[in-house]
Amino acid sequence: MIKKLLIIFFIAMVPLIELRGSIPVGLSPAFGPAFSGTTQILILYAVSILGNMLPVPFIFFFARKVLVWGSDKKFIGKFFKFCLEKGEKGGKKLQEKAGRGLYFALFLFVGIPLPGTGAWTGTLAASLLDMDFKKSVIAVMSGVVLAGIIMGLASMGLFGALGAIFA
């Protein structure tokens with residue numbers, strides 16, 4: 001079981017896959033019957049959330065510095081500069097639209113499990129917008145918990161069952 005939990009932990013750390021991949025893998029019958037009881041499922045969620053949240057402080061404090069550092073390098077400069085400009089432009093747009101609800105917008109961005117959203121992207125956006133670290137981490141973690149609940153329900157077939165009932 002420890003080996004499976006480590007696999008889940010590391011899957012949750014991978015950018016773009018994150019918790020949206022670790023929970024379905026952990027609940028998959030192909031992964032094995034390890035996560036079937038309520039206590040085991042809660043352990044799966046906790047490990048997935050921890051794995052997903054571990055990179056957040058590093059992204060928040062160092063991503064912008066790495067992008068600025070690499071923006072004038074020969075091979076990676078164009079891409080890094082593009083990321084900086086795109087992030088700042090998108091961040092300013094979001095800030096104008098969201099206004100005082102910026103942290104709630106960050107929560108929803110991270111919490112709704114769509115491709116390209118998640119803790120990595122949300123934290124990078126918060127860093128580029130110079131948002132408060134503590135408030136950003138709370139918004140991102142709340143979003144990760146919401147995404148975990150949505151992915152867990154989807155993986156257990158609840159949404160398919162509701163669709164069959166109401167369709």
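Select S22 to begin: in this predicted model the residue lies in helix α2, and with a relative accessible area of 0% S22 is buried. Show its surroundings and, leaving out residues up to four places away in sequence, you will find that S22 touches I8, I11, A12, L44 and S48.

Next, display helix α1 (residues 2–13) together with helix α2 (residues 18–27), and look at how the two are packed, with their axes 6 Å apart and at an angle of about 155°. Because of that angle, α1 is roughly antiparallel to α2, the threshold for that description being an angle over 145 degrees. The crossing of α1 and α2 is right-handed. To see the contact itself, select I8, I11 and A12 on the α1 side, and E18, L19, G21, S22, V25 and G26 on the α2 side; coloured by character, the residues of this contact of α1 with α2 divide into 5 nonpolar, 3 polar and 1 charged.

Now move to the loop between α1 and α2, where L16 lies. Although L16 is not a glycine, its phi is positive, at about 70°. L16 counts as exposed, because its relative accessibility is 64% and the cut-off for exposed is over 50%.

From the loop, step into helix α2 again and select L19, which, leaving aside its neighbours within four places in sequence, is in contact with A12, P24, S48, I49, N52, V144, A147 and G148. L19 also belongs to the largest nonpolar core, which has 27 residues, and is one of those with the most contacts inside it, the others being M53, L106, M131, V140 and V144. To follow this core through the fold, colour the elements that give two or more residues to it, namely α1, α2, α3 (38–53), α4 (56–70), α6 (102–111), α7 and α8. Within this set, α3 gives the most to the core, with 6 residues.

One of the contacts of L19, G148, makes a useful next selection. G148 is found in helix α8 and counts as buried, at 2% relative accessibility. Apart from residues up to four places away in sequence, G148 touches L19, I23 and Y45. A distance drawn from G148 to L124, C-alpha to C-alpha, spans 20 Å in space, while the two are 24 residues apart in sequence.

Turn then to helix α7 and select its buried residues, which are A119, G122, T123, A126, S127 and L128. Which elements help to cover the buried residues of α7? Displaying the surroundings shows that the cover includes α2, α3, α4, α5 (77–98), α6 and α8.

The last stop comes just after α7, where D130 takes a positive phi of about 55°. D130 is found in the loop between α7 (119–128) and α8 (133–155), and it is a residue other than glycine. Is D130 buried or exposed? With a relative accessible area of 58%, D130 is exposed. For a closing view, display L16 in the loop between α1 and α2 along with D130 in the loop between α7 and α8, and then add S22, the buried residue of 0% relative accessible area with which the tour began.

Methods:
Residues numbered from 1 in each chain as written. Predicted model: local features only at pLDDT ≥ 70, side-chain atom pairs only at ≥ 80, totals over all residues. Heavy atoms only, no water. Axes fitted to C-alpha atoms, helices over the stretch in contact; angles between N-to-C directions. Helix = DSSP H or I, 4+ residues; strand = E, 2+ residues; numbered from the N terminus. Parallel < 35°, antiparallel > 145°, perpendicular 65-115°, else oblique. Left-handed = near helix turned anticlockwise from the far one by under 90°. Contact = heavy atoms within 4.5 Å. Nonpolar A, V, L, I, M, F, W, Y, C, P; charged D, E, K, R; others polar. Buried < 20%, exposed > 50% of the residue type's maximum accessible area, 1.4 Å probe, protein only. Core = buried A, V, L, I, M, F, W, Y, C linked by side-chain atoms within 4.5 Å.
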